[in-house]
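Please open the model in your viewer and keep the selection panel at hand. The stops below go from the whole chain to its domains, then to the ligand and the cores.

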Amino acid sequence: MKVSAKQFEQLDKVLHAMLRFDRPADVVLSAFFRENNKLGASDRHLIAETAFACLRHLELLRHLCAPRINTRRLALATLVRIGGSNLRELESVTKEGESEWLASIKGAELPADLAVRSGLPGWVIGMLAEQDEGEVVALGKGLTTAAPLDLRVNSLKMRRDEAVVYLRDSGIECEPTPYSPLGIRLKGKPALSKHPLFVQGAIEVQDEGSQLLGLLTGARRGEMVVDFCAGAGGKTLLLGAQMASTGRLYAFDVSEKRLANLKPRLARSGLSNVHSTLIAHENDTKVKRLAGKADRVLVDAPCSGLGTLRRNPDLKYRQSPESVAELNVKQAAILASAARLVRAGGRLVYATCSLLPAENQNIVEAFLAANPDFSLLPANTLLAEQKIDLDTGDYLSLRPHLHNSDGFFAAVLQRKA
Ligand SMILES: C[S@@+](CC[C@H](N)C(=O)[O-])C[C@H]1O[C@@H](n2cnc3c(N)ncnc32)[C@H](O)[C@@H]1O
């Protein structure tokens with residue numbers, strides 16, 4: 001695609017703001033588009049795609065631009081090396097000497113450096129469970145691919161096969177997801193907000209991996225269930241539908257804004273069993289009141305989000321070993337508090353969208369060591385019981401390059417009867 005001088009100037013500005021890493025990249029981009037509201041659709045597309053490609057491949061691009069790393073060179077290198085632009089398409093942008101440099105990096109061999117080959121910064125590589133170089137590269141590559149758009153069918157309103165037919169009849173190419181019995185994967189990224197199925201609450205956007213975490217909770221009709229970190233309710237809605245809108249489902253969160261985003265989704269869903277509850281912290285008295293009463297508690301813990309790098313590639317630079325250590329304290333505290341709600345024989349699910357054992361199995365293992373009245377239920381057996389053909393062992397561990405979902409972790413614990 002031909003790139004104009006004006007488009008390039010704007011791309012350079014966006015990248016400059018994104019690479020400060022002081023705000024999420026999608027927030028930077030939305031703010032830029034608001035301030036520059038005359039930009040056409042193709043300008044926006046070029047700027048957004050190139051800026052995000054730059055974030056995804058930044059390790060490689062920095063290597064190619066070294067020793068003079070600046071946003072101009074990074075943008076040019078992204079267009080040529082990642083976007084496949086040819087030098088003629090960039091002729092209104094390039095300055096003297098740049099064409100030769102771009103020609104030289106187009107097919108340059110990758111160095112042995114693992115960060116460059118995997119696209120993951122050294123601190124992330126050092127904290128991964130994957131230690132084999134080939135596995136790290138495969139994981140890193142998977143994290144640079146585009147995430148598909150997955151839907152979850154609201155079982156209260158429609159069956160999945162009916163939704164697939166309806167979507168196809170309305171011109172949306174899609175297929176059932178391989179693991180979640182509620183999931184539908186779309187071919188492209190069609191706008192859905194006005195689609196009748198969305199408006200009626202028969203479908204919600206939800207990554208297949210996220211659906212599997214909800215399904216592991218195993219909520220049933222008439223139970224008391226707590227979604228401890230409900231956020232905007234992605235998993236709350238699934239749990240509520242699993243409960244066929246019976247029993248009581250508490251959606252806790254410390255963020256008023258996130259719980260407010262749950263409201264319209266709840267209204268569409270037709271659920272009437274959800275009690276959305278703002279808590280001040282994990283030991284709030286509203287939490288303590290439910291001690292020992294819940295059949296099931298889901299802790300979808302705040303985490304580094306590194307499993308979502310396909311969507312949020314800036315997170316690998318916005319998180320750090322220090323921020324992960326801070327999250328670990330929070331994760332352990334939330335899990336300990338949430339566990340108090342579980343009745344004897346009840347189930348506790350600890351989940352994250354992180355790839356790091358420090359946020360996943362280490363938290364669970366420390367919890368189990370301190371709480372001998374809980375034991376681990378094998379996730380593979382629980383999934384098999386739901387006829388889900390997915391075996392990642394005792395823990396659920398999802399990876400983009402293996403499962404085409406975001407990276408997720410879940411452990412299912414049971415309080416002894
Ligand atoms: C991974 S997000 C949850 C996403 C949500 N479950 C979903 O499926 O859309 C983690 C949530 O934990 C919340 N959180 C952070 N600290 C918390 C605490 N101490 N108690 C409860 N929730 C907390 C955050 O506000 C955030 O919404």
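Helices here are DSSP runs of H or I with at least four residues, and strands are runs of E with at least two, both numbered from the N terminus. Counted in this way, the protein chain of this predicted model has 20 helices and 12 strands.

**The whole chain**

Begin with the entire protein chain selected and turn it along its principal axes, where the C-alpha trace spans about 75 × 50 × 40 Å. The radius of gyration of the protein chain is 23 Å, which agrees with the value near 22 Å that a compact globule would have with 417 residues. If you colour by burial, buried residues should make up 42% of the 417 residues. Among the contacts with a separation of 6 or more, 72% are between residues 24 or more positions apart.

**The domains**

Next, give a colour to each part of the domain assignment, which consists of domain 1 (5-109), domain 2 (116-144), domain 3 (149-205) and domain 4 (209-415). Now show domain 1 and domain 4 together, whose C-alpha centres lie 37 Å apart. Their contact takes 7 residues from domain 1 and 5 residues from domain 4. Select helix α3 (residues 41-56), since with 3 residues this helix gives the most to the side of domain 1 that touches domain 4. The residues on that side of domain 1 divide into 6 nonpolar, no polar and 1 charged.

**Around the ligand**

Which residues are the closest to the ligand? Select Cys229, Gly231, Gly234, Ser255 and Asp300, which are the closest of the 20 residues that surround the ligand. Then highlight α13 (234-242) and β6 (248-253), the elements that give two or more residues to this shell. By class, the shell around the ligand has 9 nonpolar, 6 polar and 5 charged residues.

**The nonpolar cores**

In soluble globular proteins, nonpolar side chains tend to be buried together. To look at this here, select Val297, Val299, Val349, Tyr350, Ala351 and Ala410, which touch the most other members among the 69 residues in the largest nonpolar core. This core draws at least three residues from each of domain 2 (116-144) and domain 4 (209-415). Centre the view on Ala410, which, leaving aside residues up to four places away in sequence, touches Leu213, Leu216, Val349, Tyr350, Ala351, Ala379, Tyr395 and Leu396. For the last stop, move to another core that lies apart from the largest one and has 29 residues, among them Val3, Leu46, Leu58 and Val80.

Note on methods: Residues are numbered from 1 along each chain as its sequence is written. This is a predicted model: local features need pLDDT of at least 70, side-chain atom pairs count only at pLDDT 80 or more; totals for chains, interfaces and linings use all residues. The radius of gyration is taken over C-alpha atoms; the globule rule is 2.2 Å times the number of residues to the power 0.38. A residue is buried if 20 or more other C-beta atoms lie within 10 Å of its own, exposed if 12 or fewer, and partly exposed in between; C-beta atoms are placed from the backbone. Two residues are in contact if their C-beta atoms, placed from the backbone, lie within 7 Å. Domain bounds come from an automatic or database domain assignment. Ala, Val, Leu, Ile, Met, Phe, Trp, Tyr, Cys and Pro count as nonpolar, Asp, Glu, Lys and Arg as charged, and the others, Gly among them, as polar. A residue is near a molecule or strand if its C-beta atom, placed from the backbone, lies within 6 Å of it. A nonpolar core is a set of buried Ala, Val, Leu, Ile, Met, Phe, Trp, Tyr and Cys residues joined through C-beta atoms within 7 Å.
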